[in-house]
Amino acid sequence: MALRELSSLEKYLGLKKPNKYSTQGDKKVPVLQNNQGPPLVGLITIACHLVKEAKRSDLLGESAESRAVVQQWLEYRVTRLDGCTKEDSKSILKELNIHLQDNVYLAGNHFTLADTLMYYGIHPLIVDLTVQEKEQYLNVARWFDHIQHVPRLRHHLPPVAVLRNRIYTGRHH
Amino acid sequence: MKLFVSEGNPHCLKVLAALELTAVKCDVQYVNHEDKVVQFLSHPALPALLLPSGQQLFSANAICRYLFEVSGQNCNDHCNQWLEWEVTVLQEAISVADVVLWAALHPILSDSSFTLGEHPSVKTWFDQVAAVHSCQSAVQKVLQGKGLQAMKSYMQRQPAPPNSQCRDAQPCNNNPAESEERQHSVSEEECEAAALTWSKGLSSCPPTDKQHPILPQEGKRNVLVTSALPYVNNVPHLGNIIGCVLSADVFSRYGRLRGWNMLFVCGTDEYGTATENKAREEGLTPQQICDKYHAVHSSIYSWFQIDFDFFGRTTTEKQTEIAQNIFWRLHEHGYLVEDTVEQLRCEKCQRFLADRFVEGTCPHCSYPEARGDQCDKCGRLINAVELRDPQCKVCRQTPVIRSSKHLFLDLPKLESQLEQWLEKSTSTGDWTTNAKQITHSWIRDGLKPRCITRDLHWGTPVPHPDFKEKVFYVWFDAPIGYLSITANYTNEWEKWWKNPQQVELYNFMAKDNVPFHSVVFPCSLLGAQDNYTLVNHLVATEYLNYEDTKFSKSRGVGVFGDMAKDTGIPSDVWRFYLLYVRPEGQDSAFSWADMAMKNNSELLNNLGNFINRAGMFVTKFFEGCVPVMELQREDKELLAVVGWELQQYIQLMDKVKIRDALKHILNISRHGNQYIQVNQPWKKIKGDESERQRAGTVTGVAVNIACLLSVMLSPYMPLVSQTIRDQLNAPQSCVYTMLQGGGTFVCSLSAGHRIGTVSPLFQKLEAEQIEALKKRFGGQQAPFQSTSSTPAAAPAAAIKVAAVEGGDSEKAEQLAKAVAEQGDKVRALKAQKAEKDVITAEVSKLLELKTQLAVAEGKNPEPTSKKGKKK
């Protein structure tokens, strides 16, 4: 899973030659063999590394503040979201829904790596939601729909229909 | 900038150490562990940093990073790696990494009982970091000199680590809502009162069989119920059904049980452009179209068991008579004004063209195929006379602009009367919130005179000599249908419609219809000054949506009234689900999976299971006779709880909260199931005398609750309700007894009563079955797929009608079959991951077939919608 995310991220970043990854441990933590030094371990670490490689540091935040916020949401992704139970997923969605009420993206007004990884991570949760539940987490649904339409981002994931269609329209008078 | 920390929280160590080390200026505030500093998180998260921008950081590591970064030290990849490892592996650096790791390890490593003998280098590192002054000071701040004990209170509040939480091991006895209500303890008095009511037994209520014609009676609550008149040129879909007729039906059934004198009328709305249009398309006369679709509507509603007292139509002589009478009265009282309107007229067709009969070039974007009301390309609204190069859609001649005289209802002149009446009606009646809001916004925006005449043939003729050859505009005409339909039911219709003192009027509709019922129609009636009955309770639903899939009326995607029957799902189950998701207060959605789930969990496992068990116990353990019941405190408690649910149900139903009331029925059977589960009559029956006595009481109480449920269910699921009473052989009088007053739960099956044969009430909806239905109704090939195995599941008649209008029906059917088969082939190939060329070839065949099909159906072949590309 994490490896597919990283390869999608590489494509999104427009990195020409794909890296080779391996995994370690039961949780299949991704490992990147690095020519310049020791291997890098961990999804966030590698993802941040790739972003720098691609000279897209803007995706990590434009100021010290936003950089910290981005890192915080990346951490949230790997600590709270990964391997969460059904119960957890409810409270995660609830939290995100409130947070996204007055934030366009996770880290405020700019699209960042946090949105990308959160999108990849939350996709299986959103797929499982019923229509009613999506309605319940309206802000998450709005954000999710927005992110999945970011060009070249979706790659390995199928699109999820978020908005509903009316079953009937008004009478003509 | 402000940092929030709590005493004894090891994560605060990190941030305080980092703060000391980087010497960033920041206020520190101590708070309790439970204080929610970051509002949106469901668990309190500390430490938290309030940034100058107003954003909050709630991750200790992110705070550390930030502090290091503002002091000029950035993280490199390896630093990142340690931080990630710490949060993902360890919790679950001086450099920021060191600080964070040291802090996290502090509780373990600083404990003297923990020896690091085997890991000397770790020990060295830990001691080194701990010796840093900043770290010592942080320790002091967090632990407040109390040592590791200070962390205890924090630790005790932490949830168990995720890997020790087993999904299956979670207790799964009852849902939270249920246990909450259970906790609502019942007082001694409530128990005794419930037991007293129970012992009263059935009252000998006079049989209140309907006798037609139903007329208002002195000393009774006389309730007139209407549901919005469905437009005749379409097959109604689920949204129409729940929005008006089904809701109105449940309420009028309920009202009859309450002993009110109810009259429920409805009918098809048949006049107007849309009908003329449809008639032209199908090559029939408007009257033939109306006859055909009136029959379609009638049969759909009868399948859904909509119990109209009269289901009429608007194309009747009574309609002409009453509409013209109201017109003349409005005219006499000076509420009609004349004005000229510029309109396009086709000289060849000899008629004025309704907006949708004109096409031309858009004046805004020059799109050549703009319609008379709107341009499909730029989306702007157009006034038909502004179109460049207009053409009559029927004969393609160029129409000319003619001015035509029309009559307008002078709404501004009636505004003060209207407002006076509205204030009274909305404050004393049960108007839904949306109805009040929509009405309010109409009034606020100001009323304008509204045209009531049209240059059409198919309508109620305007009787005024200056307006010959014109008819009434449908919005003026259609609501008068309520009156004329009643007049076709009984000659004494005025006893209902000119009797506001005795009659209460309920209008049911979807919210798009509100202004016509709350503003426009009342103005017509007020202006006529003939003591008309005006609406007292306006009940409007929101919208019901359909799944996630593309919904298309024209292509028949979605569920239409006549198709519901072909699903093989009983009409009662349809009613139940539609009412369960009734868009009451907010939009809701129809979903197949949800329907199956509600059927299986609520009807089958909850309600059906309870009623069946109760009956089976009587049959199996007591030879089919209700046993003697000796109520204990526990039983009385249950009676009180059930009685309370019944009262809630009645209060909600009286206010037309149909969906909310349904939940209380299901609560009762949940209580019942629990009661049986706790008392285990199947075990006690094998015990000694007193245990057998107990089994008898429990069984008797349970079977009486089943009887009560049948009564409460009656408005929702009439057939199931009757079946339950038949199975229990229950006296019919129980139906009227229990819903009197605020609700009385009496023992209606007393000891010795012999019940009938008990059998299961509901069937499970299997996942495959639902998947198949979902495909059939929601899929892109949906309405024409006739490959399903049962003949009953063939496409519904009216959909065929809709689909093949103006086309070749037989050919269309063959093509539809071919499309379905080709579609399956393509899917199979894709599933097998066949060669790309092969798939492409088959897909293009499929597209070709679809185009042919569209042509055979007389539609414009639309480009097939592209599915999202998957990789």
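Here are three exercises on a predicted model, each with a worked solution.

**Exercise 1. The setting of a helix**

Work out which residues of α13(B) are buried and what covers them.

*Solution.* Start with the helix itself: α13 of chain B runs over residues 317-332, and its 16 residues reach 22 Å from first to last C-alpha, close to the 22 Å expected at 1.5 Å a residue. Next, look for residues under 20% relative accessible area. The buried ones are Gln319(B), Thr320(B), Ile322(B), Ala323(B), Gln324(B), Ile326(B), Phe327(B) and Leu330(B). Now turn to their surroundings. The cover includes the strands β8, β13 and β16 of chain B, along with the helices α16, α17 and α19 of that chain. Finally, check what comes after the helix: Gly334(B) follows, with a positive phi near 75 degrees.

**Exercise 2. Where two chains meet**

Describe the interface of chain B and chain A, from its buried area to its salt bridge.

*Solution.* Begin with the area: about 5100 Å² is buried between the two chains, 52% of it on carbon and sulfur atoms. Then take the contacts, in which 67 residues of chain B meet 53 residues of chain A. The rule finds one salt bridge across this interface. Its partners are Glu69(B) and Arg67(A), with an N to O distance of 2.5 Å. There are also eleven residue pairs in polar contact. Which elements build the chain B side? Those that supply at least two residues each include α2, α3 and α10 of chain B. The largest share, seven residues, comes from α3(B). By type, the chain B side divides into 26 nonpolar, 22 polar and 19 charged residues.

**Exercise 3. Salt bridges that tie parts together**

For the pairs Asp249(B)–Arg575(B) and Arg329(B)–Asp530(B), find which parts of chain B each one ties together.

*Solution.* Take Asp249(B) and Arg575(B), whose side chains meet at 2.8 Å, N to O. Asp249(B) belongs to helix α10 and Arg575(B) to helix α21, so this pair ties together parts 326 residues apart in sequence. Buried or exposed? Asp249(B) has 0% relative accessibility and counts as buried; Arg575(B), also at 0%, is buried.

Now for Arg329(B) and Asp530(B), which form a salt bridge at 3.8 Å, N to O. Here Arg329(B) lies in α13 and Asp530(B) in the loop between α19 and β18, so the parts tied together are 201 residues apart in sequence. Arg329(B) is partly exposed at 23% relative accessibility, while Asp530(B) is buried at 18%. Last, follow the shared partners: salt bridges join Arg329(B), Glu494(B), Lys498(B) and Asp530(B) into one network.

Definitions and conventions:
Residues are numbered from 1 along each chain as its sequence is written. Chains are lettered from A and ligands numbered from 1 in the order in which they are written. This is a predicted model: local features need pLDDT of at least 70, side-chain atom pairs count only at pLDDT 80 or more; totals for chains, interfaces and linings use all residues. Side-chain values use heavy atoms; hydrogens and water are left out. Helices (H or I, at least four residues) and strands (E, at least two) are DSSP runs, numbered from the N terminus. The expected span of a helix is 1.5 Å times one less than its number of residues. Buried means under 20% relative accessible area, exposed over 50%, partly exposed in between (1.4 Å probe, protein chains only). Contact means heavy atoms within 4.5 Å. Buried area is the accessible area (1.4 Å probe) that two parts lose on being put together, summed over both. A salt bridge is a side-chain nitrogen of Lys or Arg within 4 Å of a carboxyl oxygen of Asp or Glu. A polar contact is a pair of N or O atoms within 3.5 Å; within protein, one must be able to donate a hydrogen and the other to accept it, and residues adjacent in sequence count only if both atoms are side-chain atoms. Ala, Val, Leu, Ile, Met, Phe, Trp, Tyr, Cys and Pro count as nonpolar, Asp, Glu, Lys and Arg as charged, and the others, Gly among them, as polar.
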